[in-house]
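Let's take a friendly walk through this structure together, one region at a time. Have the sequence and the 3D view open as you read.

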Amino acid sequence: MDSASLKTPSPARSAPSRRAFLAGSVAATALCARAWAAPRAKAADLHIEHLIRRMTLEEKAGQLSIFRSPVANMRINPLGRRDPTRNDALADVRLGGAAGYFNGFDLAFNRELQRVAVEESRLRIPLIFAADVIHGLKITFPIPLGEASGFDPELCRRTTRSAAEEATSYGLHWTFAPAVDVARDERWGRVVEGAGEDPWLGALIAAARVRGYQGEDLRAPGSMVACAKHFAGYGGVEGGMEYNTVDIPETTLRQVHLPPFKAAFDAGALTTMAAFNDVAGVPCTANRRLLTEILRDEWRFRGLAVSDFEAVIELVIHGYAADEKDAVAKALAAGCDMSLGGDLYRQHIPALVREGRLSGTIVDEAVRRVLRVKKAIGLFDNPYRSLDADRQAAIDRRPAMIALAREAARKSVVLLKNDGGALPLRKSGQSIAFVGPYVSDRSNVLGSWAVYAEPERAVTLEEGVRAALGPDASCSFTPGCDPDKPLDGGLDAAVEAARKADVVVLYLGERERITGEAASRVSIVIPPHQMALAEAVATTGKPVVVILKHGRALALTGAVRDAQAILCSWFLGSESGNALADVLFGDHAPRGRLPVSFPQASGQEPFYYDHRTTGRPQMDDAAAFKARYREVTNEPLFAFGHGLSYSTIAYGSTIVGAPRVGRDGVVKVSARISNTGARAAHEVAQLYVHTRVAAITQPVRQLKGIRHVELAPGEEKLVEFELRAADLAYVHPDLAAHADAGVYDVWIAPSAIAGEKASFILV
Ligand code: BGC
């Protein structure tokens, strides 16, 4: 098919906006109510009702099933099932047997599938095409956890917007993102996909990412449907082991794990994905409490809930359903509208309804939700949206997107330590040995879930440094070892290179494959042979700057922990090497903040800053019979919120505006912050709160606000926050969230363990 025949028909008339689609948002309730009452919205519903009345049970079951594309780029079959071939898919679509396809985006083939759907199937219902667009499609941004280090929701909105612009030009309508799981155990590989350990920051970033994907107008060519996942509690898997059970009380679920979901739905996310895990013995795929009582009845979510990959059959494996049919009945009855991969819904729904084992009303409601999503993005009016070769050609590698990838990457770098001002490095007059398995490596640049990206176009550290320094640069690049094994003669070559240099930059850490899905680790350390390289280099006595490559917080030891400077660089995406050079040579000062706490040792996990106080908290290292481990202190090696710049920042006292405040009042909390160094700095001031006495004991601190402050050398600024009773609310034993009267401690601080405490009373 030539590109002329792939042109998109002229844009369709305007229709209900994303806001109008979801009345679930508290903030948007009034707006939504108005929009749903509008004649056009009613007409949309009438069309859907008309379709549902005409559909056979088989067609309904088809609309509740999305299949992995025959042209999928990623093929993992944990349960050994077969994906449809191209011909299967075309035949299925002709019979109205599929809602859409995911993870494959051959534009010409998808356009042909769509043509068959809207020209040859009985009811002409368009298909929806989906994929995991997690941190970009071709142009890759930092892994979501890394990007969360920016503490910058607007940056997250811009990168997800850019990803949506690109993905929609490749034929996609729906992304299985953002992952909004709060993750507090760094052994869990999927920490990489979320925004870290904090529910407040997680909620802010979840909403921003949804706004980016979905945009202001869902029908715009660059907008795609977002999917807040994995609902719910996935980040709480026991022992950090992937797919493991989750056993946390609903109070904690509501206070810690659900807020980012609520924020995503309030921002308009049209879909959610049920998590693989169970919560207290009930798998999320069939968890009525989560999928219906909380999501729909309480939050008024009107969107679509899809299962995770082939998770319906897993209900049998979990021991929650007797057989395939039972699994389908239980999942649908609980509120899991669509099955992702596998065709159990399609196979069993018609018989289950005919046998009276599944209510037709439930099936109709699920179909309604699917069709509403298709309608919301304009597929009925313009089924070829996103399938336009000309638009793809115009968007391909747009310079602004590449520039954004570089900006996001450097804003994601966190400077953990910088003894003696080892960084920034000088561009000349200094010879630098770049040592480590990643200095010239291109296969571990992008990070987990960059399945559609182009690693061959990713910028390595060597390329970034050479571009920054020009041809006369005095530097060497020596791997020293492979990411997961030693190299013959590697150590000697590395030591030799270090000896000849004035300073060593050691680039070490995790390779892609040990981060992400199905990549839980027992011990979150730098692999031993890489540590041997670090120790060997340290024997030269040369100053060492460590750059970490990682998808989680790490337990750092020995020569890495003791290096003069440490940069946390995650997996930075397509522009990694350029961004690292920007930071190393001081063209851009680091400004990122840790969204996860770095422990002293792996055995402390789950390790997070907003833990509760025990009856025997550790007060100092010498005290016995305290809540602590024998070998290490409870203090983090690097705290949540920590991150240095190339200047020094001083925080004044935390000041509260009034000692007492009423329930309807506002407490002003402020502090003076000054740049005491010689370079400009970008500071991220953080507001933390502690509730002294509560019906459920509350964390030692909780993040409640952030402010980005630019400070010139010597400059001082007043940073102010406002706190209301709603900000002090916690989930009570009866599951209601509200604030109690009492004493509250507050800090304005550069990290979760710093700052000066002040207090006020809520009356
Ligand atoms: C993951 C999901 C993903 C799905 C489809 C699953 O294994 O858990 O996050 O969206 O695959 O690729």
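## Two residues with positive phi

Ala280 sits in the loop between strand E7 (278–279) and strand E8 (282–283). This is a predicted model, and in it the phi angle of Ala280 is near 50°, a positive value in a residue other than glycine.

Ser386 is not a glycine either, yet it has a positive phi of about 70°. You will find Ser386 in the loop between helix H16 (360–376) and helix H17 (389–395). With a relative accessibility of 7%, Ser386 counts as buried, because the cut-off for that label is under 20%.

## The ligand and its shell

Which residues come nearest to the ligand? There are 13 residues around the ligand, and the nearest are Asp132, Arg190, Lys229, His230 and Asp308. Sorted by class, this shell holds 6 nonpolar, 2 polar and 5 charged residues.

Three side chains are worth clicking on. An N or O atom in the side chain of Asp132 is 2.5 Å from an oxygen atom of the ligand. For the side chain of Arg190, the distance from an N or O atom to a ligand oxygen is 2.6 Å, and for the side chain of His230 it is 2.7 Å. On its own, the ligand has 310 Å² of accessible area, and the protein covers 95% of that. Two elements give two or more residues to the shell, namely strand E5 (227–231) and strand E9 (304–309).

## His230 and the cis peptide bonds

His230 lies in strand E5. Is it buried or exposed? The relative accessibility of His230 is 1%, so this residue counts as buried. Besides the ligand oxygen at 2.7 Å from its side chain, His230 has a polar contact, side chain to side chain, with Asp181 at 2.9 Å. Leaving aside residues up to four places away in sequence, His230 touches Asp181, Arg190, Glu193, Phe261, Met273, Ala275 and Asp308. Among these, Arg190 and Asp308 are also listed with the residues that come nearest to the ligand.

The backbone here deserves a look too. Lys229 and His230 are joined by a cis peptide bond, with omega at about 0°. The bond from Phe231 to Ala232 is also cis, and its omega is near 5°. Ala232 is in the loop between E5 and H10.

## Helix H10 and what covers it

How many of the 8 residues of helix H10 (residues 250–257) are buried? The number is 7, so the helix is largely enclosed by the rest of the structure. These buried residues are Thr251, Thr252, Leu253, Arg254, Gln255, Val256 and His257.

The cover over the buried residues of H10 includes three helices and two strands: helix H9 (199–214), helix H11 (259–266), helix H12 (288–298), strand E22 (702–711) and strand E24 (730–731).

Thr251 of this helix is also touched by Ile696, a residue found in the loop between strand E21 (681–691) and E22. The other contacts of Ile696, not counting residues up to four places away in sequence, are Arg612, Tyr730, Val731, His732 and Pro733. Ile696 has a relative accessible area of 17%, so it is buried. Between the C-alpha atoms of Ile696 and Gln618, 78 residues apart along the chain, the separation is 21 Å.

## Two more loop residues

Gly342 belongs to the loop between strand E10 (338–340) and helix H15 (344–354). Measuring from C-alpha to C-alpha, Gly342 and Phe309 are 7.9 Å apart in space, with their positions 33 residues apart in sequence. Gly342 touches Phe67 and Glu310, not counting residues up to four places away in sequence.

Leu637 is in the loop between helix H23 (576–584) and strand E17 (649–651). Beyond residues up to four places away in sequence, Leu637 touches Leu556, Arg561, Phe598, Pro599 and Gln600. The C-alpha atoms of Leu637 and Val191 are separated by 19 Å, and the two residues are 446 apart along the chain.

## The domains

The protein is divided into domain 1 (26–392), domain 2 (413–591) and domain 3 (649–762). From the C-alpha centre of domain 2 to that of domain 3, the distance is 36 Å.

Key: Residues numbered from 1 in each chain as written. Predicted model: local features only at pLDDT ≥ 70, side-chain atom pairs only at ≥ 80, totals over all residues. Heavy atoms only, no water. Near = heavy atom within 4 Å. Polar contact = N/O pair within 3.5 Å; in protein donor to acceptor, adjacent residues only side chain to side chain. Areas by Shrake-Rupley, 256 points an atom, 1.4 Å probe, with all protein chains shown as cover. Helix = DSSP H or I, 4+ residues; strand = E, 2+ residues; numbered from the N terminus. Nonpolar A, V, L, I, M, F, W, Y, C, P; charged D, E, K, R; others polar. Buried < 20%, exposed > 50% of the residue type's maximum accessible area, 1.4 Å probe, protein only. Contact = heavy atoms within 4.5 Å. Domains from an automatic or database assignment.
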